[in-house]
Amino acid sequence: MLYCFECRFQTDMVFDHSTGDAVCNNCGLVLESNYIEETNEWRTFADADDNSHDPIRVGAATNQLLSCGGLSTVMAKPSGKVLHAPIRDPDQGLMMAFKTIETMCDRLGLVSTIKNRANELYKTLEDQKCSKGGRNQDALLAACLYIACKQEDKPRTLKEIFSIANGATKKEIGRAKEYIMKQLKLSEKTLQEAQSNGDYMRRFCSALGLNNQAIKAAQEAVLKSQ
């Protein structure tokens with residue numbers, strides 16, 4: 001509602017979308033001109049625009065870790081067949097790796113800051129040409145996520161990371177973690193300082209559905225052990 005100087009009271013508005021004017025519903029006075037509609041324009045650009053309920057109206061956010069910012073364009077024929085560019089997309093491998101990390105984060109319910117940190121770790125490995133050499137890529141990605149969780153003060157056990165990693169054993173993930181630490185010159189002491197038994201305890205208590213008295217007792221036991 002806006003104040004109408006003609007009616008001298010707050011009044012409902014009628015929007016003329018063709019002119020962008022906000023008009024008083026009582027007397028017809030133009031209260032605002034060139035009005036900007038700030039609500040979401042829920043238009044879908046899916047293949048079946050008229051039948052789809054998908055509210056997506058924009059593409060993905062830019063990604064500064066990719067050379068083109070993640071804004072590359074894929075052309076397609078009217079039949080839907082993609083016209084492949086003659087030159088291979090240099091970011092294709094990175095995008096697949098980031099997608100794998102995102103999937104693992106979704107499975108563990110991790111926040112975006114951890115996902116972004118894992119992406120940065122893998123991108124650094126890629127830039128230093130350390131992600132090749134016949135190493136298990138799934139193990140490297142899982143290890144990046146393991147380290148990212150510790151760096152963001154949300155540690156996960158190696159067993160938890162292994163449970164959502166595809167095509168990598170717990171031993172391979174452990175070796176990949178040591179390899180990344182060495183290549184990126186990360187300190188094991190720094191990771192240990194970012195982790196405490198309490199971090200695991202609070203999460204496990206919540207998952208087990210323990211009451212406040214049991215959680216308090218567990219916290220006291222942790223403090224005595226440190």
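Here are two short exercises on K177 and the helix that holds it.

This is a predicted model, where local features need pLDDT of at least 70, side-chain atom pairs count only at pLDDT 80 or more, and totals for chains, interfaces and linings use all residues. Residues are numbered from 1 along each chain as its sequence is written, and side-chain values use heavy atoms, with hydrogens and water left out.

**Exercise 1.** Work out whether K177 is buried or exposed, and what it touches.

*Solution.* Start with the place: K177 sits in helix 5, residues 170-183 (a helix is a DSSP run of H or I, at least four residues, numbered from the N terminus). Next, check the cover: K177 has 10% relative accessibility, so it counts as buried (under 20% relative accessible area; exposed is over 50%, with a 1.4 Å probe and protein chains only). Now look for partners. Skipping neighbours within four places in sequence, K177 is in contact with A143, Y146, I147 and E188 (heavy atoms within 4.5 Å). Finally, the side chains of K177 and E178 share a polar contact of 2.9 Å (N or O atoms within 3.5 Å, one able to donate a hydrogen and the other to accept it; for residues adjacent in sequence, both must be side-chain atoms).

**Exercise 2.** Describe how helix 3 packs on helix 5.

*Solution.* Grab the angle and the distance: helix 3 (residues 137-151) meets helix 5 at about 70°, with axes 8 Å apart. So helix 3 is roughly perpendicular to helix 5 (65 to 115 degrees). Then find the residues making the contact: among them are A143, Y146 and I147 of helix 3, and A176, K177 and I180 of helix 5.

How values were computed:
Helices (H or I, at least four residues) and strands (E, at least two) are DSSP runs, numbered from the N terminus. Axes are lines fitted to C-alpha atoms, for helices over the stretch in contact, and angles run from 0 to 180 degrees between N-to-C directions. Angles under 35 degrees count as roughly parallel, over 145 as roughly antiparallel, 65 to 115 as roughly perpendicular and the rest as oblique.
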